[in-house]
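Work through the exercises below with the sequence and the model open. Each one sets a task and then solves it step by step.

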Amino acid sequence: MTLALSGLILCALAFGGLCLFTTDKVVHEGTERNLHALTNTETLKINSRLKSIEQYVNTLEIAISGMLDSLEQLTDETLLAEFTEKSRELIRLTIGNTEKAVAAYLRFNPKLTPPTSGIFMTKTSKDHNLKFVDPTDFSKYDPSDIEHVGWYYVPVQTKRPTWMQPYMNKNTGIYMISYVIPLFKFNQEIGIVGVDIDFDYITQEIASIRLFDNDYAFIADKNGSILFHPSIPRGRPYTLPDNNLLVHNKLINGMDLTFVIPKTSITADRNSLIKNLVLITMLILVIFIFASLIFANSITKSLKLLTDYANRLIDGKMGIELNITRNDEIGDLAQSFVKAKMRLAETMGHIKGLAFRDPVTSVRNRNSFDHYIAEFSMRASSGEIKSYGILVASVDNLFKIKNKFGNTKAITLLQTASRLICTTFDHSPVFRVNEDEFIVVLTNDDLKNRKELEEKLASSVKNTANAENPWEQVRLSIGIAICEDTQSSSLSEQLANAENNMLKSRNAIE
């Protein structure tokens, strides 16, 4: 009896300790993963709002550049007036597609046109409706005057799309943020096109974020100064309160989105679970002591099998078998473990499919691409992969079809483009990494035969021009970068080269 009781106590304590350790570890790791997943989800929501603004200005820039056939349209007074009127009508018809827009503008190079030329549509201080007003007179300000004309000269000097810092418009009383794209054509500075957005469009979304009890989020600039905080004025630095956790995420406009989460919010469930587990373990220990004379040997053996089975499941070993053939509660528990394993395996498979598969085209998505390139980079660094190619394909007419015929037809276009790419490069992984862009990683035969396959894809795309419906007519811009020696350059460099080549291809088509 002494030996049985001693063994039972030791087994119960060992089992309980293992459960406590495992529970604490699993819950802690699960909470950390869920926390990052939750903050990433909220960040994606904010970025999607900013991305929609970028897409609108990008579309506006493409349309305006497309209407400009020669510099004479800017230098000739009559042609300039006609071009300005066309652009004005374009902005008037499309500005309603951008939520919370407080201004839209197209300004021309003051060296080519009069200093007040261009278009400026803004909300007035009286009725807050978008109206066309006289543009700013460039002749009154020096190009170094950032406060008045920095919105023009900063993007032009950097030669890239720019998110401007938020500022208060004293004419309308609106705190706004601007996205500006410089216009260059004919190897000449043409001007800029941009949109001002009510900053509340972003801050309202941030103010509504609630992941746990008493948590909140705020945004700061790259220097750490507050741009929006529920209780701290703009421009102040932020000091972390005690017993709080910070999670930093970057927005696509360069701002820092920070989540402030009380530690008690993320540990309360874990502490409660551990407390309950301790109580349950103690209760089981007492009960089993009284029953040890009869069931000690059989129960101890079965519990060891169940513990081993549970630990293997925690380690992700779904192929193991549980060999318990009892016709009592232990046997029922064993069957429940087996059923739980089957359900868990199904759920994990389903979740993995959702996380790594694009629902529109059924090819791999951005998450899958990130995992793939991480593994691919390690294989390349180890010398397992000697050479490879990156192909970037952009569906150039996607947004045009979406804006004209709706999302359903845009999906049809994406599926058609995806099918052409997949059937051409049928030995290479294909990823849809954003709304209109696919990436193909070329290796082995597809890498050797890339020129023939590229010609095949171009021919397939060309054949779609005869399709009856516009949304079945695919237009692709393709860029390829080839890495002959994986030790001489990184995958990210080759991806950037492929992106640049794709953009050159698109510009050449335009």
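Is R92 buried, partly exposed or exposed, going by its relative accessibility? R92 counts as partly exposed because its relative accessibility is 42%, where buried means under 20% relative accessible area, exposed over 50% and partly exposed in between (1.4 Å probe, protein chains only).

The model is predicted: local features need pLDDT of at least 70, side-chain atom pairs count only at pLDDT 80 or more, and totals for chains, interfaces and linings use all residues. Residues are numbered from 1 along each chain as its sequence is written, and side-chain values use heavy atoms, with hydrogens and water left out.

**Exercise 1. Describe the salt bridge of R92 and its setting.**

Step 1. Apply the rule: a salt bridge is a side-chain nitrogen of Lys or Arg within 4 Å of a carboxyl oxygen of Asp or Glu. The side chains of R92 and E89 satisfy this at 2.5 Å, N to O.

Step 2. Place the pair. Both residues belong to helix α3 (residues 77-94), where E89 and R92 are three residues apart, about one turn of the helix. Helices (H or I, at least four residues) and strands (E, at least two) are DSSP runs, numbered from the N terminus.

Step 3. Check the partner's exposure. E89 has 32% relative accessibility and is therefore partly exposed.

**Exercise 2. Compare the exposure of the partners in two further salt bridges, K45 with E42 and R379 with E384.**

Step 1. The K45 and E42 side chains meet at 3.5 Å, N to O. They are separated by about one helical turn because they are three residues apart in helix α1.

Step 2. K45 is partly exposed at 39% relative accessibility, whereas E42 is buried at 13%.

Step 3. For R379 and E384 the N to O value is 3.3 Å. R379 is partly exposed at 30% relative accessibility, and E384 is exposed at 52%.

Step 4. By the rule in Exercise 1, the count for the model comes to 10 salt bridges. As background, side chains of opposite charge can pair when their charged atoms come close.

**Exercise 3. Find what E42 touches beyond its sequence neighbours.**

Step 1. Contact means heavy atoms within 4.5 Å. Leaving aside neighbours within four places in sequence, E42 is in contact with I209, L211 and F259.

Step 2. Look up F259. This residue is among those with the most contacts inside the largest nonpolar core, which has 46 residues. A nonpolar core is a set of buried Ala, Val, Leu, Ile, Met, Phe, Trp, Tyr and Cys residues joined through side-chain atoms within 4.5 Å.

Step 3. Trace the core to its elements. Its largest share, eight residues, comes from helix α1 (residues 2-67), the helix in which E42 is found.

Step 4. Take L257, also listed among the core residues with the most contacts. Not counting residues up to four places away, L257 touches T43, I46 and I206, among others. A second, separate core of 26 residues includes L413 and I478.

**Exercise 4. Characterise strand β15 (residues 476-483).**

Step 1. Count burial: seven of the eight residues of β15 are buried.

Step 2. Find the partner. Two strands pair if DSSP finds at least two bridges between them. Strand β12 (residues 388-395) is joined to β15 by eight bridges, and the two run antiparallel.

Step 3. Fix the register: V395 stands opposite L476 in β15.
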